[in-house]
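Thanks, everyone, for making the time. I would like to take you through one part of a model, and I will keep to what can be read from its coordinates.

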Amino acid sequence: MTVGVGAGARHLGVDRVIDLGPLHPSAHGAYRLRLTLDGPEDAPLVSTAEPLVGHLHRGAEKLFEVRDYRQVLTLANRHDWLAAFCNELAVAMAVERMTGMDVPARALWLRALLCELNRLLAHLVFVAPLTRALTGEPTEGTQAALRGREAVQAVLEEAAGGRIHFMANRIGGLREDVPAGWTGRVADALRRVTTDLTAILESTVDDETFRARHAGIGVLARDAALALGVTGPIGRASGVDLDLRRDDPLPPYRELDVRPVTRSDGDALARVCCLVDEIAHAAELADRCLDRIPGGPVNLRLPKAIKAPEGSVYSWLEAPLGVSGVHLASRGEKTPWRLKLRTPSFNNVQALSALLPGTPVAALPVVLGSFAVVVGDIDK
């Protein structure tokens, strides 16, 4: 994946391309920054940074308005391709709250479990390229991250039937129950992730060379993070102690003792530390869910046409990259009058204008590699 860095300082008069490696999730779309550079030509520094968004023209919110509520869910997972299940759930929750549906307990617990598996998958995808050696060669940590990712991907695919766009949620619960023996295979996948986490740590935050390259650069202050609405691991790395799994939880999370991972330095190292620590925490929460899943149905019998009553509602949840919110406004019809998304990457990417000034151009791959965003989630 490449990041196009627009025309720099005018006295340089050049375009630069910064390579983040082939595994970075933003490889799926145009991720551009306009940078102004200062300092000597052989060691320029970033003076100002402006994220350039809108290149993908996703148009998800307008597409929602011409589809009924069942059809909306088939599109709701596509803007952040690493948080597909959580995206579906945020929209389903808004419709369920608007219509007063009482989702079965088994569906609630399976949703919490699938959310944590989705979180594991996303974080492992972001961490994998960070484990590579300076020469770009994969390390044991890289192999461990890929093994963990595939193990989690396999059980998610088995439960949902899709590898990327799961489409597992339905209004009122889940499309179908999980297969027989699935929870045992989830437990095996979680053990794989937990076992391999040692190798990931040794390739990243426990490695002295890695720490030296990431410490003290790309600093996002807590006040700037709060002012820009930065959430998720990036916000928590800057001391923003917000996690909806603890602060405004879905019912199952109230029994899971969620303890958000926070740092105060706000630099590239703190962001990577939060990602790696959240892998361990998500695996622990998923394991606790396995012991609490009750029996019973996983969905409700619905009418042929779902109509939300006139009015509006806002629902939110803690997606892998931060707060994912849905504002649903209805005029009592089969389609939403307005369905506005609050996506974490859209808010988070604005922070680049605050954290990049003063960064050496040579350090941009390190800083941007620590900054987890998905472009489709920006250009929703």
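I will begin with a sheet and the helix that packs on it, and then turn to a second helix.

Please bear in mind throughout that this is a predicted model. The sheet is an open one of three strands, in the order E7-E8-E9, with antiparallel pairing. Its edge strands are E7 and E9, each of which pairs on one side only, and neighbouring strands are turned against each other by 15° on average, if direction is ignored. Helix H3, residues 84-99, packs on this sheet and touches E7, E8 and E9, with its direction making about 150° with that of E7.

Taking the pairings one at a time, E7, residues 311-319, runs antiparallel to E8 over nine bridges, and a hairpin of two residues joins E7 to E8. If you want a landmark along that pairing, serine 315 has valine 326 in E8 as its bridge partner. On to the next pairing: E8 and E9, the latter covering residues 338-342, are also antiparallel, over five bridges, and here histidine 327 is partnered by lysine 340 in E9.

How enclosed is strand E8 by the rest of the structure? Eight of the nine residues in E8, residues 322-330, are buried, so this strand is largely enclosed.

The second helix, H11, spans residues 268-290, and its 23 residues reach 34 Å from first C-alpha to last, close to the 33 Å expected at 1.5 Å a residue. Of those 23 residues, 19 are buried, so H11 too is largely enclosed by the rest of the structure.

Technical notes: Residues are numbered from 1 along each chain as its sequence is written. This is a predicted model: local features need pLDDT of at least 70, side-chain atom pairs count only at pLDDT 80 or more; totals for chains, interfaces and linings use all residues. Side-chain values use heavy atoms; hydrogens and water are left out. Helices (H or I, at least four residues) and strands (E, at least two) are DSSP runs, numbered from the N terminus. The expected span of a helix is 1.5 Å times one less than its number of residues. Buried means under 20% relative accessible area, exposed over 50%, partly exposed in between (1.4 Å probe, protein chains only). Two strands pair if DSSP finds at least two bridges between them. Axes are lines fitted to C-alpha atoms, for helices over the stretch in contact, and angles run from 0 to 180 degrees between N-to-C directions. Contact means heavy atoms within 4.5 Å.
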